[in-house]
There are 2 protein chains.
Amino acid sequence: MNVSVTIKDVAKKAGVAPSTVSRVISDSPRISEKTKRKVRKVMDELGYHLNYNGRVLVSQSTQTIGIVTKVSSDHFFENPFFSELLRGISDACHEQDYSMYLTTGNTEEAIFQEVVKMVQGKRVDGVLVLYSREDDQVVPFLRESSFPFVVLGKPVDRPGETMYVDNDNVQASKEMTRYLIGLGHERIGYVGGNSQFEVARDRLEGYRAAMKDQGLPIDEKWLKNDPSDKQDPDQIVEQLLVLEKIPTALIFTDEYNALTVMRSLSRRGVSIPEQVSIAAFNNTVVSRLADPPLTTVDTQAIQLGHESASSLIDLLKRPDMVKKSMIIPTRIVERESSCRLERNTQKKA
Amino acid sequence: MNVSVTIKDVAKKAGVAPSTVSRVISDSPRISEKTKRKVRKVMDELGYHLNYNGRVLVSQSTQTIGIVTKVSSDHFFENPFFSELLRGISDACHEQDYSMYLTTGNTEEAIFQEVVKMVQGKRVDGVLVLYSREDDQVVPFLRESSFPFVVLGKPVDRPGETMYVDNDNVQASKEMTRYLIGLGHERIGYVGGNSQFEVARDRLEGYRAAMKDQGLPIDEKWLKNDPSDKQDPDQIVEQLLVLEKIPTALIFTDEYNALTVMRSLSRRGVSIPEQVSIAAFNNTVVSRLADPPLTTVDTQAIQLGHESASSLIDLLKRPDMVKKSMIIPTRIVERESSCRLERNTQKKA
DNA sequence: TTCTTTTATGAAATCGATACCATAACCAGC
DNA sequence: GCTGGTTATGGTATCGATTTCATAAAAGAA
């Protein structure tokens with residue numbers, strides 16, 4: 001193992017020059033079939049394998065993309081949404097023979113430093129940023145360095161100059177809200193996420209727009225935004241249940257929040273979906289396995305991951321390409337956590 | 001960005017030799033403070049950053065570990081257990097300034113080829129194999145190449161010669177079985193996993209041993225092993241419910257299987273935990289969020305990942321070290337999915 | 001047959017950083 | 001003042017593969 005067979009060893013044994021061996025490796029048409037056969041035979045005999053690093057140095061390309069995630073404390077990692085994203089990314093990379101370099105860190109600063117290191121050190125050819133957030137250092141840094149990158153999510157600023165892959169979250173949220181309105185719901189609550197993230201803002205906007213379009217008022221007490229992980233689902237439920245008119249439907253941007261609140265509701269004797277319909281985003285395995293299974297917006301995580309990675313690789317292969325962005329369609333998956341509102345139930349509530 | 005500043009540029013501008021710059025980078029004590037200051041100033045001015053690949057080539061070390069997972073079709077990826085593992089691995093790598101190279105593939109052959117490529121191409125310094133399975137090509141290949149590797153899970157053969165990190169799954173399964181027996185259960189069913197994997201065999205063994213120790217008979221109809229993903233939870237439940245004496249407790253090696261079976265049970269009016277207690281392995285976020293929350297064996301995924309990665313890195317730093325293995329302790333986390341069996345309920349069933 | 005063109009291959013520089021060996025400068029000791 | 005020993009730094013080969021330029025050999029044209 002320590003004794004590595006190099007291109008020179010092969011060359012010597014085959015009685016040719018190293019450059020010839022190199023040309024055999026890349027299957028150059030300028031080498032005769034006879035020589036190719038001879039060299040390949042020697043490569044087999046010696047157990048030669050291309051040393052990847054030698055090639056990297058001269059070709060100035062690592063065939064590797066860097067993946068930047070949120071800080072680990074956001075529990076992004078533990079979410080199957082992340083896993084599915086990663087699955088899609090991974091598939092795309094393998095199709096194109098690229099590899100992935102994963103970044104993680106417990107603080108934003110640590111992540112930023114990692115990114116700087118991998119960019120400056122030319123450890124990766126391009127970067128895939130798996131979030132879009134206000135006050136982020138990473139994207140501006142990549143822009144300033146004119147380093148190739150793709151954002152998964154709509155960039156906070158200058159979307160025209162930035163390649164990104166995203167769902168239309170405003171639209172998706174509108175559709176989900178309309179779907180619930182279509183089921184007869186008028187008091188629809190919304191439990192969102194940290195509004196630093198573009199995705200949270202978009203979805204809230206879509207919800208508000210849909211309500212407004214249909215002439216339905218929003219009571220700000222139905223909105224529970226920015227639920228940090230410390231926030232207690234029981235607390236959310238309590239705050240909702242003391243209202244004179246409680247919402248008959250709730251939209252969650254996070255499936256886990258939906259589950260915990262659902263559990264809290266059913267413990268207080270609120271039946272789902274009869275008394276409160278529940279809807280959420282992402283449609284991972286979590287929604288499928290919930291009891292009752294969740295009605296969700298399928299954001300197509302695997303495809304999101306796949307498209308973002310392959311867009312990045314396209315960009316790397318043709319650096320002058322136009323910076324096209326991509327919107328992955330969503331669709332609503334109806335399951336048992338939501339149902340048509342019975343008029344009498346509504347009156348009673 | 002395209003114009004890279006190299007060590008030579010710095011040397012020229014600072015009026016020193018490239019070797020001196022290299023020594024400044026590694027903060028060698030043989031260079032005077034005055035020269036160091038001068039060189040560092042120039043590095044700043046030119047915006048110099050170490051090119052990682054140049055170093056890799058000469059040092060013959062990539063500071064990268066390869067991570068080998070099961071085939072993606074096993075849904076290992078979508079499981080939060082995997083995410084937590086990855087989180088632990090990632091933390092350990094960052095502590096030691098290593099990076100991770102992720103392998104995936106849809107077939108075993110594809111994964112094997114990936115491993116060969118990264119080992120032969122010297123793309124990584126060592127490999128972390130996240131499973132232990134019969135008829136696996138990867139581990140024998142690594143052994144034969146005497147390439148440094150660590151297995152997460154007990155190796156199928158020659159455990160003495162192999163570094164691994166694992167729980168004591170036999171013991172953990174015994175304890176869980178005893179725990180249920182301690183709650184008064186005598187008819188305990190077991191829904192396991194693909195017995196190609198060492199972990200599945202160990203847990204089944206533990207369950208059998210605990211039952212035997214306590215003089216409790218096992219009806220083979222209580223055992224549902226090897227539930228491939230296609231297997232229907234409803235089918236499992238039907239097969240159990242037609243039995244004259246249905247089990248009063250069920251142990252699952254997979255949390256997802258536990259959830260689907262639980263749902264199927266409650267749809268048929270079987271109440272959990274009053275009529276059937278449920279217990280599972282892994283204690284990821286899934287168990288916490290289930291309704292009712294699952295009693296589980298906490299296998300400490302984050303720590304498993306952390307220890308396996310740092311063991312591998314230790315091995316890389318000191319190749320002659322003794323191949324120590326490591327057992328991560330487990331503990332039972334009691335939640336509402338299991339309860340003491342009421343005598344009358346048992347008689348009735 | 002001789003000259004030109006094409007084809008197949010070799011020699012050597014290169015990518016960026018490191019490390020060994022050499023050496024100039026300086027100081028101490030006699 | 002000369003020798004010997006440090007100390008700080010320079011010169012250069014090296015890691016493994018690629019690539020440009022050069023050239024020998026073969027093929028085709030005159």
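A residue counts as near a strand here if one of its heavy atoms lies within 4 Å of it. Keep that cut-off in mind for the first stops, and remember that you are looking at a predicted model.

**Stop 1: DNA strand C**

Select DNA strand C and show what surrounds it. You should get 27 residues, and the ones that come nearest are Thr20(A), Thr35(A), Ile7(B), Tyr48(B) and Asn51(B). Now look at which part of the DNA faces the protein: of the strand C atoms within 4 Å of the protein, 67% are sugar or phosphate, and bases supply the rest.

Zoom in on Asn51(B). One of its polar backbone atoms sits 2.6 Å from a phosphate oxygen of strand C. Then click on Ser22(B), where a polar side-chain atom is 3.0 Å from a phosphate oxygen of strand C. For a base instead of a phosphate, go to Val58(A): a backbone N or O atom there is 3.5 Å from a base oxygen of this strand.

Colour by secondary structure next. Both chains take part, with α2 and α4 of chain A and α2 and α4 of chain B each giving two or more residues to the surface near strand C. Which element gives the most? That's α4(B), with four residues. Colour the surface by residue class and you'll find eleven nonpolar, twelve polar and four charged residues.

**Stop 2: DNA strand D**

Switch your selection to DNA strand D. Around it are 26 residues, with Ile7(A), Tyr48(A), Asn51(A), Thr20(B) and Thr35(B) coming nearest. Sugar or phosphate accounts for 66% of the strand D atoms within 4 Å of the protein, and the rest belong to bases.

Start the close-ups at Tyr48(A), whose side chain places an N or O atom 2.7 Å from a phosphate oxygen of strand D. Over on chain B, pick Ala17(B); here a polar backbone atom is 2.8 Å from a phosphate oxygen. Val58(B) takes you to a base: a backbone N or O atom of this residue lies 3.5 Å from a base oxygen of strand D.

To see the helices involved, highlight residues 18-25 (α2) and 52-59 (α4) in both chains, since these are the elements giving two or more residues to the surface near strand D. Among them, α4(A) gives the most, with four residues. By class, this surface has ten nonpolar, twelve polar and four charged residues.

**Stop 3: the nonpolar cores**

Hide the DNA and head for the largest nonpolar core, which has 86 residues. Select Tyr207, Leu265 and Ile278 in chains A and B: these six touch the most other members. Centre on Tyr207(A) and list its contacts beyond four places in sequence; they include Ile188(A), Tyr190(A), Trp222(A) and Leu223(A). A separate core has 58 residues, including Phe76(A), Phe77(A), Met163(B) and Met321(B).

**Stop 4: strand β10 of chain B**

Finish with residues 295-298 of chain B, which form β10. Which way do the side chains point? Thr295(B) and Val297(B) go one way, Thr296(B) and Asp298(B) the other, and all are buried. That fits the usual pattern, because side chains in a regular strand alternate between the two faces of the sheet.

Now bring in the strands that pair with β10(B). Strand β9(B), residues 277-281, runs parallel to β10(B) and is joined to it by three bridges; within that pairing, look for Phe281(B) with its bridge partner Val297(B). Strand β12(B), residues 331-333, pairs antiparallel with β10(B), also over three bridges. Here, find Asp298(B) opposite Arg331(B).

Terms used: Residues are numbered from 1 along each chain as its sequence is written. Chains are lettered from A and ligands numbered from 1 in the order in which they are written. This is a predicted model: local features need pLDDT of at least 70, side-chain atom pairs count only at pLDDT 80 or more; totals for chains, interfaces and linings use all residues. Side-chain values use heavy atoms; hydrogens and water are left out. A polar contact is a pair of N or O atoms within 3.5 Å; within protein, one must be able to donate a hydrogen and the other to accept it, and residues adjacent in sequence count only if both atoms are side-chain atoms. Ala, Val, Leu, Ile, Met, Phe, Trp, Tyr, Cys and Pro count as nonpolar, Asp, Glu, Lys and Arg as charged, and the others, Gly among them, as polar. A nonpolar core is a set of buried Ala, Val, Leu, Ile, Met, Phe, Trp, Tyr and Cys residues joined through side-chain atoms within 4.5 Å. Buried means under 20% relative accessible area, exposed over 50%, partly exposed in between (1.4 Å probe, protein chains only). Contact means heavy atoms within 4.5 Å. Two strands pair if DSSP finds at least two bridges between them.
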